[in-house]
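Me: I am new to this structure and would love a close look at one small part of it. Could you walk me through that part slowly and explain the terms as they come up?

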Amino acid sequence: MLEVLLLVIGCYALGALSVHLAFRIWRGRQRASKHFVLVAGVRQNNMEWYMRSLFSFSRRMGKDVRLTIVDQGISDETLAIVERFSRDGKEVQVHSKATGSDSENTDRKRSQAKDVDGTQLLWLLQAEGIVSQADHAVLIDLQNPADLSKMPF
């Protein structure tokens, strides 16, 4: 009888020790995160819905989501939505594209500021330190309906 009791207590102690050890190992690792880059233009009526969906996805899946919004003429309403999300503690930032005097240039050979494709945009964001190579950022152009299939939901 005493041997069975010691066996049960030993199994319980071994189980508790393994749970504590697994928690310490898990806590030491970084949580998996995703970085989404949304290219938003003038007609972005659904921006709040996209952002809420991404962050609810992150809560359901247990992954951190970082969000960068590339400003291509977004409205003040959209900026207010983004600021509200960033005040709530979510990792959201707005990147304004440099379209100053280069976009006023009528000679399109020198400056292709408006015709930057996705790969060039990711390289630009990586050069500015917004996106790192380890992030494996997902670029979603909200003006292109085919890009919405890249959303995780």
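What is the relative accessible area of Arg52?

Reply: Happy to help! Arg52 has a relative accessible area of 46% and is therefore partly exposed. That class lies between buried (under 20% relative accessible area) and exposed (over 50%), using a 1.4 Å probe and protein chains only.

Before going on, a word about the model. It is a predicted one, in which local features need pLDDT of at least 70 and side-chain atom pairs count only at pLDDT 80 or more, while totals for chains, interfaces and linings use all residues. Residues are numbered from 1 along each chain as its sequence is written, and side-chain values use heavy atoms, with hydrogens and water left out.

Now for the setting of Arg52. The protein chain has five helices and four strands, and read from the N terminus these elements follow the order α-β-α-β-α-β-α-α-β. Helices (H or I, at least four residues) and strands (E, at least two) are DSSP runs, numbered from the N terminus. Of the 153 residues in the protein chain, 28% are buried.

Arg52 sits in helix 2, and so does Glu48, four residues away, or about one turn of the helix. These two form a salt bridge, with their closest N and O atoms 2.9 Å apart. The term salt bridge stands for a side-chain nitrogen of Lys or Arg within 4 Å of a carboxyl oxygen of Asp or Glu. Like its partner, Glu48 counts as partly exposed, because its relative accessibility is 25%.

Glu48 also reaches out to another helix. Its side chain meets that of Arg84 in a salt bridge of 2.7 Å, N to O. Arg84 belongs to helix 3 and Glu48 to helix 2, so this pair ties together parts that are 36 residues apart in sequence. Arg84, at 32% relative accessibility, counts as partly exposed too.

The whole structure holds three salt bridges. One of them lies outside our part: Asp147 and Lys150 meet through their side chains at 3.6 Å, N to O. Asp147 is buried, with a relative accessible area of 14%, whereas Lys150 is partly exposed at 40%. Back in our part, salt bridges with shared partners join Glu48, Arg52 and Arg84 into one network.

How do the two helices of that network lie against each other? Helix 2 (residues 47-61) and helix 3 (residues 76-87) pack at an angle of about 20 degrees, and their axes are 10 Å apart. The two helices are therefore roughly parallel. Here the axes are lines fitted to C-alpha atoms, for helices over the stretch in contact, and angles run from 0 to 180 degrees between N-to-C directions. Angles under 35 degrees count as roughly parallel, over 145 as roughly antiparallel, 65 to 115 as roughly perpendicular and the rest as oblique.

The crossing of helix 2 and helix 3 is right-handed, meaning that the near helix is turned clockwise from the far one by less than a right angle. On the helix 2 side, Met47, Glu48, Met51, Arg52 and Phe55 make the contact, and Thr78, Ile81, Val82, Arg84 and Phe85 make it on the helix 3 side. Contact here means heavy atoms within 4.5 Å. These residues divide into six nonpolar, one polar and three charged. Nonpolar covers Ala, Val, Leu, Ile, Met, Phe, Trp, Tyr, Cys and Pro, charged covers Asp, Glu, Lys and Arg, and the others, Gly among them, are polar.

Finally, a short look beyond the two helices. Val70 lies in strand 2 (residues 64-71) and counts as buried, at 0% relative accessibility. Its C-alpha atom is 8.5 Å from that of Gly41, a residue 29 positions away along the chain. Among contacts in the protein chain between residues at least 6 apart in sequence, 72% join residues at least 24 apart.
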